[in-house]
Amino acid sequence: MRATLRQAARATVHLFLAAAMAFGSYLFITVLLIAATGAVTGVGLWMLPETVLLIRRIAGAKRRLTASWTGREIPEAYRTVTGPLRERLRTAVGDPGTLTDLRWTGAYYAYGWLTVLMLPLWPAGLLVDGVRCGLLRREALVLPLLVRLADLEAGWSAALLSPSPKALLARRVEQLTATRADAVSAHGAELRRIERDLHDGAQARLVALSMRIGLAQRAYRADPDTARKLLSDAQDQAEEALTELRHVVRGIHPPILTDRGLEGAVRALAGGSGLGVSVRADRFPDGPRAPAAVEAAAYFVIAEALTNAAKHSGSDRAEVLLARSRTGLSVRVRDEGCGGVDESAGSGLLGMRRRVAALDGTVRVSSPVGGPTVIEVELPCVW
């Protein structure tokens with residue numbers, strides 16, 4: 001009986017919140033009618049996008065309420081309403097998610113009243129089930145109806161609020177457009193960095209090398225000692241130029257990734273980070289390698305995270321986890337530093353997100369004040 005009462009109480013809470021939302025939707029119909037009238041007459045066109053955004057928030061709250069009962073998240077698929085009024089109107093009206101929300105709003109106006117059935121079920125359940133369970137030792141009969149009523153209400157809401165394939169496709173196109181723009185921006189920034197490194201480093205040293213060789217040629221007959229010194233300096237500059245070129249090459253694609261693979265490259269990176277870094281790789285030695293672009297992105301994320309930890313965290317230790325999953329590669333970097341990472345303060349996380357988003361991956365950052373800081377990256381790939 002106690003378990004039945006707990007389930008019935010939980011269902012009652014869900015139904016009570018659903019009833020409150022249904023009552024709110026009855027009031028919202030008035031706002032919707034005013035917005036529709038204004039849009040038809042042309043006077044209140046500006047209200048239409050704001051009304052659509054309000055419907056989205058109400059539908060989002062209902063999705064969260066339904067997900068808390070069913071345990072299954074209901075995805076959202078909306079196009080972003082931004083720009084001037086004409087563009088906002090076009091987006092708000094043409095978004096398939098708007099039709100889904102309006103369909104749910106109209107249906108909820110009809111089936112939302114079902115939640116009031118919980119009111120007579122409680123006294124009847126306490127009386128009937130109290131006798132059945134307490135005296136007759138049988139299963140409850142009436143109170144479980146509250147759970148079924150909550151299941152029915154949540155099932156209808158989930159079916160009506162689930163985005164259509166067209167809406168999912170529109171959201172996917174919008175995401176790909178954004179990630180493509182980020183990828184192009186990141187690619188342009190990388191080209192500028194390579195050009196700057198070549199111009200300020202290797203190119204300047206090669207010009208100086210050419211000048212010293214020319215001076216050595218002129219001084220060779222008249223002053224062999226000076227010529228030998230100039231050639232010795234030229235050799236040093238040639239080695240420095242080679243070092244600069246190796247640095248640029250490592251910035252494009254670290255050769256150690258090709259030679260040792262991701263695990264070996266990360267262990268070498270950890271050894272030279274200045275921190276006490278523990279590296280753990282799950283199911284790496286006995287499996288195929290990830291594509292080169294995925295390995296490079298994972299290496300970049302780890303290098304950036306360890307650099308940030310060494311500079312800003314105040315911790316002397318960090319840990320790196322590489323894990324192979326059925327659908328991709330997982331990277332986790334954790335440090336026990338002071339936390340409080342601010343992505344807008346030039347922490348490198350923006351570049352990290354752009355590089356990962358270009359591969360359709362995800363980045364999650366947890367950094368409460370006081371630590372720890374945990375960066376988790378999922379990179380999809382086919383093994």
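In the predicted model, a cationic side chain is placed against an aromatic ring: the charged end of Arg355 sits over the ring of Phe300, at a distance of 4.0 Å from the ring centre.

Interactions between aromatic rings were examined next. Three aromatic pairs are found when the whole structure is searched. In one of them, Trp104 and Tyr108, the ring centres are 5.1 Å apart and the planes meet at 20 degrees, so the pair is classed as stacked; planes under 30 degrees apart count as such. Trp104 and Tyr108 are four residues apart in helix H4, and about one helical turn therefore separates them. Trp104 counts as buried, because its relative accessibility is 2%, and Tyr108, at 0% relative accessibility, is likewise classed as buried. The rings of Tyr111 and Trp156 adopt an edge-to-face arrangement, because their planes stand at 85 degrees with the centres 5.4 Å apart. Tyr111 belongs to helix H4 and Trp156 to helix H6 (residues 144-161), so this pair ties together parts that are 45 residues apart in sequence. Tyr111 has a relative accessibility of 7% and counts as buried, whereas Trp156, at 38%, counts as partly exposed. Trp104, Tyr108, Tyr111 and Trp156 form one aromatic cluster.

The surroundings of helix H4 also include helix H3. Within helix H3 (residues 85-94), the buried residues are Arg88, Leu89, Thr91 and Ala92. These buried residues of H3 pack against two helices, H2 (47-70) and H4 (96-111).

Charged contacts were then considered. Side chains of opposite charge can pair when their charged atoms come close. Across the whole structure, the search finds 12 salt bridges. One of them is formed by Asp95 and Arg56, whose closest N and O atoms are 2.7 Å apart. This pair links distant parts of the chain, since Asp95 lies in the loop between H3 and H4 while Arg56 lies in helix H2, 39 residues apart. Asp95 is buried, with a relative accessible area of 3%, and Arg56 also counts as buried, at 11% relative accessibility.

A salt bridge within a helix is provided by Asp233 and Lys229, for which the closest N and O atoms are 3.5 Å apart. Both residues lie in helix H8 (residues 224-252), and because they are four residues apart, about one helical turn separates them. Lys229 is exposed, with a relative accessibility of 53%.

Arg289 and Glu295 likewise meet through their side chains in a salt bridge, with an N to O distance of 2.6 Å. The two partners fall into separate accessibility classes: Arg289 is partly exposed, with a relative accessible area of 44%, whereas Glu295 is buried at 5% relative accessibility. Elsewhere, salt bridges with shared partners join Glu319, Arg332, Arg364, Glu376 and Glu378 into one network.

The strands were examined for their order and pairing. Five strands make up an open sheet in the order E1-E2-E3-E5-E4, and their pairing is mixed. Strand E1 (276-282) and strand E4 (362-366) occupy the edges; each has a single partner strand, so one side of each is left without a neighbour in the sheet. On average, neighbouring strands of this sheet are turned by 10 degrees against each other, direction ignored. Strand E2 (residues 317-324) and strand E3 (residues 328-335) run antiparallel and are joined by seven bridges. Ala323 stands opposite Ser330 in E3.

Two helices lie across strands of this group. Helix H9 (residues 255-271) lies across E1, E2 and E3, and runs at about 170 degrees to E1. Helix H10 (residues 292-313) lies across E1, E2, E3 and strand E5 (373-380), and runs at about 5 degrees to E3.

Methods. Residues numbered from 1 in each chain as written. Predicted model: local features only at pLDDT ≥ 70, side-chain atom pairs only at ≥ 80, totals over all residues. Heavy atoms only, no water. Buried < 20%, exposed > 50% of the residue type's maximum accessible area, 1.4 Å probe, protein only. Contact = heavy atoms within 4.5 Å. Phe/Tyr/Trp six-rings, centres within 6.5 Å; stacked < 30°, edge-to-face > 60°. Lys NZ or Arg CZ within 6 Å of the ring centre and 35° of its normal. Salt bridge = Lys/Arg side-chain N within 4 Å of Asp/Glu carboxyl O. Pairing = 2+ DSSP bridges. Axes fitted to C-alpha atoms, helices over the stretch in contact; angles between N-to-C directions.
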